[in-house]
Structures are given as structure tokens and as C-alpha cells.
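Here are my notes on this one, as numbered points. Have the structure open while you read.

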Amino acid sequence: MEPMRAVALAADHAGYFQKARLVEHLRQQGCFEVVDFGTDSENSADYPDFAAKLAVWVAQEPGRLGILICGTGNGMAIVANKHKGIRAAVCRSEYEAKLARQHNDANVLCLGQRLTGDGLAAAMVEVFLNNVFEGGRHQLRLAKIHDMEDCP
């Protein structure tokens with residue numbers, strides 16, 4: 001039996017409620033080990049702190065995936081993408097989440113609670129977690145991105 005896959009979630013105050021609902025949704029499914037990096041309330045919190053914790057965790061082990069939530073998803077994505085080995089994608093549709101995994105080998109999905117309803121967010125998470133990188137023609141592009149990680 002293979003080990004349970006791990007997925008981490010984190011949010012600032014603007015994404016707290018959606019994160020809490022997604023954590024519960026994933027735990028109820030029982031298919032993933034869910035790691036919650038906070039925040040644990042709607043009190044003002046700095047998104048860089050939470051995005052960095054999650055990005056470090058994802059980058060530590062191949063195959064780990066993360067979900068970051070703030071007001072728009074953009075701030076979280078900017079921070080996460082500063083970390084070597086992270087490919088964070090802001091998505092607004094299931095199709096974007098699918099292609100982020102299949103074509104870009106995204107390992108972090110960024111959502112905006114102010115822009116995305118809970119039903120769509122849960123559907124995007126499902127698509128993101130249940131798709132894999134296709135490789136092939138996309139592998140060369142991914143290698144070029146990897147080579148740029150050490151650029152000034």
C-alpha cells in the first residue's frame with residue numbers, strides 16, 4: 001500500500017474562511033494527509049509569512065502539493081514563486097487548475113476568497129490534486145524554468 005499523499009494549505013485573514021472549509025473538505029475525503037499552516041482566524045495577518053511556510057514545506061519533498069488562499073491569490077503566488085522549486089499558479093477555473101498541473105507542473109494552487117466561491121474553489125482543488133504533469137513537450141519548458149531559478 002502506498003503512503004497517503006500530503007497536501008498543505010495556508011491563508012492570510014482574507015482567505016481564512018475558505019481555507020478552513022477546504023481543510024475540512026479534504027479531511028472528510030480521507031485521501032490526503034492535510035497539513036494546515038494557518039492562519040487560524042480572520043484577524044489581520046501578513047500573507048508572506050504563511051506563503052513562505054507552505055512553500056518551504058512543498059519544496060522539501062518531491063510530489064508535495066500546496067494550496068494558498070488570500071483575497072485574490074496574487075500576493076500568495078508572488079511570495080511562493082520566490083522559493084526555489086515552487087511553481088505557484090493563480091487559477092480562476094477548473095480548466096486553469098488542470099492545465100497548471102498538466103502543462104506547468106504547478107505544485108501550489110493559489111486562490112482568491114474574494115473572487116472565487118467555495119464550490120468552485122473545492123472543484124479546482126479536486127482537479128489540481130488529481131492531475132499530474134504530462135511531461136513530453138512541456139518538459140523542455142519546465143527545464144528552462146528550472147534553469148532560471150538561480151538567475152539574479
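1. Let's start with Asn-131. Is it buried or exposed? Asn-131 counts as buried, because its relative accessibility is 15% and the cut-off for buried is under 20%. Keep in mind that this is a predicted model. As for where the residue sits, Asn-131 belongs to the loop between α5 (118-129) and α6 (137-148).

2. What does the side chain of Asn-131 reach? One partner is the backbone oxygen of Val-127, at 2.8 Å. Another is the side chain of Gln-102, joined to that of Asn-131 by a polar contact of 2.8 Å. If you set aside residues up to four places away in sequence, Asn-131 touches Lys-98, Arg-101 and Gln-102.

3. Now look from the other end of that polar contact. Gln-102 is part of helix α4 (residues 94-104). With a relative accessible area of 11%, Gln-102 is under the 20% cut-off and therefore buried. Not counting residues up to four places away in sequence, Gln-102 touches Asn-131, Val-132, Phe-133, Glu-134, Gly-135 and His-138. So that you can find the pair again: the Gln-102 and Asn-131 side chains are the ones joined at 2.8 Å.

4. On to the sheet. In what order do the strands come? The sheet is open and has five strands, ordered β2-β1-β3-β5-β4, with parallel pairing. β2 and β4 stand at the edges with a single partner strand each, so each has one side without a neighbour in the sheet. From one strand to the next, the twist averages 20°.

5. For a pairing to check by eye, try β3 and β5, which pair in the parallel sense over five bridges. Gly-66 has Val-108 in β5 as its bridge partner.

6. Ala-89 is a residue to look at in an edge strand: Ala-89 lies in β4 (residues 88-90), and β4 is at an edge of the sheet. Is Ala-89 buried or exposed? Ala-89 has 17% relative accessibility, and because that is under 20% this residue counts as buried. Leaving aside neighbours within four places in sequence, Ala-89 is in contact with Ala-100, Ala-106, Val-108, Leu-109 and Cys-110. If you want a distance to reproduce, the C-alpha atoms of Ala-89 and Glu-149 are separated by 16 Å, with these positions 60 residues apart along the chain.

7. Helix α1 (residues 16-29) passes a length check. Its 14 residues should span 20 Å at 1.5 Å a residue, and the end C-alpha atoms are 20 Å apart, which agrees. Just after α1, Gly-30 takes a positive phi of about 70°.

8. Which residues of α1 are buried? They are Tyr-16, Gln-18, Lys-19, Leu-22, Val-23 and Leu-26. These residues cover an arc of only 155° around the axis, so they are on the same side of α1. The general background is that an α-helix has 3.6 residues a turn, so residues three or four places apart point the same way.

9. What does that buried set pack against? The buried residues of α1 pack against β1 (5-11), β2 (32-36), β3 (65-70), β5 (108-112) and α5. As for orientation, α1 lies across β1, β2, β3 and β5, and runs at about 165° to β1.

Notes. Residues are numbered from 1 along each chain as its sequence is written. This is a predicted model: local features need pLDDT of at least 70, side-chain atom pairs count only at pLDDT 80 or more; totals for chains, interfaces and linings use all residues. Side-chain values use heavy atoms; hydrogens and water are left out. Helices (H or I, at least four residues) and strands (E, at least two) are DSSP runs, numbered from the N terminus. Buried means under 20% relative accessible area, exposed over 50%, partly exposed in between (1.4 Å probe, protein chains only). Contact means heavy atoms within 4.5 Å. A polar contact is a pair of N or O atoms within 3.5 Å; within protein, one must be able to donate a hydrogen and the other to accept it, and residues adjacent in sequence count only if both atoms are side-chain atoms. The expected span of a helix is 1.5 Å times one less than its number of residues. The arc is that of the directions from the helix axis to the C-beta atoms. Two strands pair if DSSP finds at least two bridges between them. Axes are lines fitted to C-alpha atoms, for helices over the stretch in contact, and angles run from 0 to 180 degrees between N-to-C directions.
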